[in-house]
Amino acid sequence: MIKPETLFDESHCAQCACGEGLDFSFTFAFQPIVDVINKTVYAYEALVRGPDGEGALSILGRVNEQNRYAFDQVCRVKAVKLASRLGMKTRLSINFMPNAVYQAEYCIRTTLAAAKTYNFDTSKIIFELTEGEDLTSVDHLVSIIEAYQEMGFSTAIDDFGAGYSRYNIMMASPPDLLKLDMGLVRNVHQEPNKQAVVSGIITMMSQLGGKIVAEGVETAEEYFWLRSQGISLYQGYLFARPGFECLPEPYYPA
């Protein structure tokens with residue numbers, strides 16, 4: 001395993017110039033991923049928001065090829081800083097942009113510097129890839145996942161089943177977490193075809209040794225069907241809405 005401290009570079013401090021090129025500001029809301037067996041928060045996902053709570057699209061729509069790297073790096077620093085300020089003790093899930101990572105070992109240094117500056121345990125960081133990301137090379141993504149896992153970070157694929165299913169990634173380098181797309185989750189208790197797909201994904205992930213997060217769960221009926229299939233990690237409005245610059249307490253269905 002690569003030790004993160006061997007990659008730390010004081011020149012990549014948390015207030016470095018990695019944000020040069022950004023002409024807009026942003027912050028985060030946090031939504032819990034809950035463990036319903038232990039009734040605890042497994043992680044909080046950092047969700048991009050505008051300074052006054054504007055939705056993610058208002059910010060992501062301003063990201064382009066010229067500022068993508070700066071945005072990706074600043075996201076990591078801001079998420080770690082805010083999580084530390086809020087006293088987050090559990091895992092922190094940060095979305096990353098694979099096309100902004102030209103070399104995992106180098107691009108991680110700003111994250112490590114931020115974690116050191118704000119006293120956040122790097123072993124609690126999850127790097128989350130959105131499945132629909134426009135990738136130039138699957139091999140490149142696999143190399144990032146493998147490098148992050150070797151450094152001791154957890155990895156996740158978001159929105160799995162949204163139409164960009166990365167089964168080639170699953171075969172080459174399975175992530176630690178697989179987040180079911182909310183399109184599969186919605187009304188799953190009523191739709192046998194969705195149930196068959198979800199059951200297949202559960203079997204696959206079980207054999208690969210990873211965990212599934214059911215994302216976008218909004219109703220008790222969806223939850224109880226998914227729970228009957230053995231899923232224990234959940235995220236969605238049923239449990240808690242994202243909290244703007246705060247850590248919301250989740251609700252646990254009986």
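This tour moves from the whole chain to its pockets, its cavity and one of its helices.

**The whole chain**

Begin with the entire model in view, and keep in mind that the model is predicted. Colour the chain by secondary structure: nine helices and nine strands should appear. The chain has 254 residues, of which 51% count as buried. A surface display shows the exposed area of the chain, about 11,500 Å². Carbon and sulfur atoms supply 48% of that exposed area. Among the contacts with a separation of 6 or more, 70% join residues that are 24 or more positions apart.

**The largest pocket**

Next, select Glu45, Leu47, Asn95, Thr130 and Asp158. Of the 34 residues that line the largest pocket, these lie nearest its centre. Which elements give two or more residues to this lining? They are the strands β1 (27-35), β2 (40-49), β3 (91-95) and β5, together with the helices α1 (56-60) and α2 (68-85). Highlight β2 in a separate colour, since its contribution of five residues is the most that any element gives to the lining of the largest pocket. The volume of this pocket is about 870 Å³. Colouring the lining by residue type gives 15 nonpolar, eight polar and eleven charged residues.

**The second largest pocket**

Now select Lys211, Ile212, Gly230, Ile231 and Ser232. These residues lie nearest the centre of the second largest pocket, which is lined by 13 residues. Two elements, α8 (192-208) and β7 (211-215), give two or more residues to the lining. Helix α8 gives the most, with three residues. The space in this second pocket amounts to about 190 Å³. How does its lining divide by residue type? There are six nonpolar, five polar and two charged residues.

**The largest cavity**

Turn next to an enclosed space. The count of cavities of 30 Å³ or more comes to one. To find the largest cavity, select Phe96, Phe127, Leu129, Ile145, Thr155, Ala156, Ile157 and Pro175, which line it. Its volume is about 40 Å³. Show the strands β4 (125-130) and β5 (154-160), each of which supplies at least two residues of the lining. The largest share, three residues, comes from β5. The lining of this cavity consists of seven nonpolar residues and one polar residue, with no charged residue. Strand β5 therefore deserves a second look in the viewer, for this strand also gives two or more residues to the lining of the largest pocket.

**Helix α9**

Finally, select residues 220-228, which form helix α9. Which residues of this helix are buried? They are Glu222, Tyr223, Trp225 and Leu226. Rotate the view to look down the axis of α9: the buried residues fall within an arc of 165°, so they line one face of the helix. A general rule helps in reading this view: an α-helix has 3.6 residues a turn, so residues three or four places apart point the same way.

To see what covers the buried residues of α9, display its surroundings, including α7 (182-185), α8, β7 and β8 (233-235). Two of these names, α8 and β7, have already appeared at the lining of the second largest pocket. End at Gly230, which follows α9 and has a positive phi, near 95°. Gly230 is also one of the residues nearest the centre of the second largest pocket.

How values were computed: Residues are numbered from 1 along each chain as its sequence is written. This is a predicted model: local features need pLDDT of at least 70, side-chain atom pairs count only at pLDDT 80 or more; totals for chains, interfaces and linings use all residues. Side-chain values use heavy atoms; hydrogens and water are left out. On a 1 Å grid over the protein atoms alone, a cavity is a set of points where a 1.4 Å probe fits but cannot get out, and a pocket is an open set with protein on both sides within 12 Å along at least five of seven lines; lining residues have an atom within 4 Å of a point. Grid points are joined across faces, edges and corners, and a volume is the space filled by probe spheres set on the points. Helices (H or I, at least four residues) and strands (E, at least two) are DSSP runs, numbered from the N terminus. Ala, Val, Leu, Ile, Met, Phe, Trp, Tyr, Cys and Pro count as nonpolar, Asp, Glu, Lys and Arg as charged, and the others, Gly among them, as polar. Buried means under 20% relative accessible area, exposed over 50%, partly exposed in between (1.4 Å probe, protein chains only). The arc is that of the directions from the helix axis to the C-beta atoms. Contact means heavy atoms within 4.5 Å. Accessible areas come from the Shrake-Rupley method with a 1.4 Å probe; for residues, only the protein chains shown count as cover.
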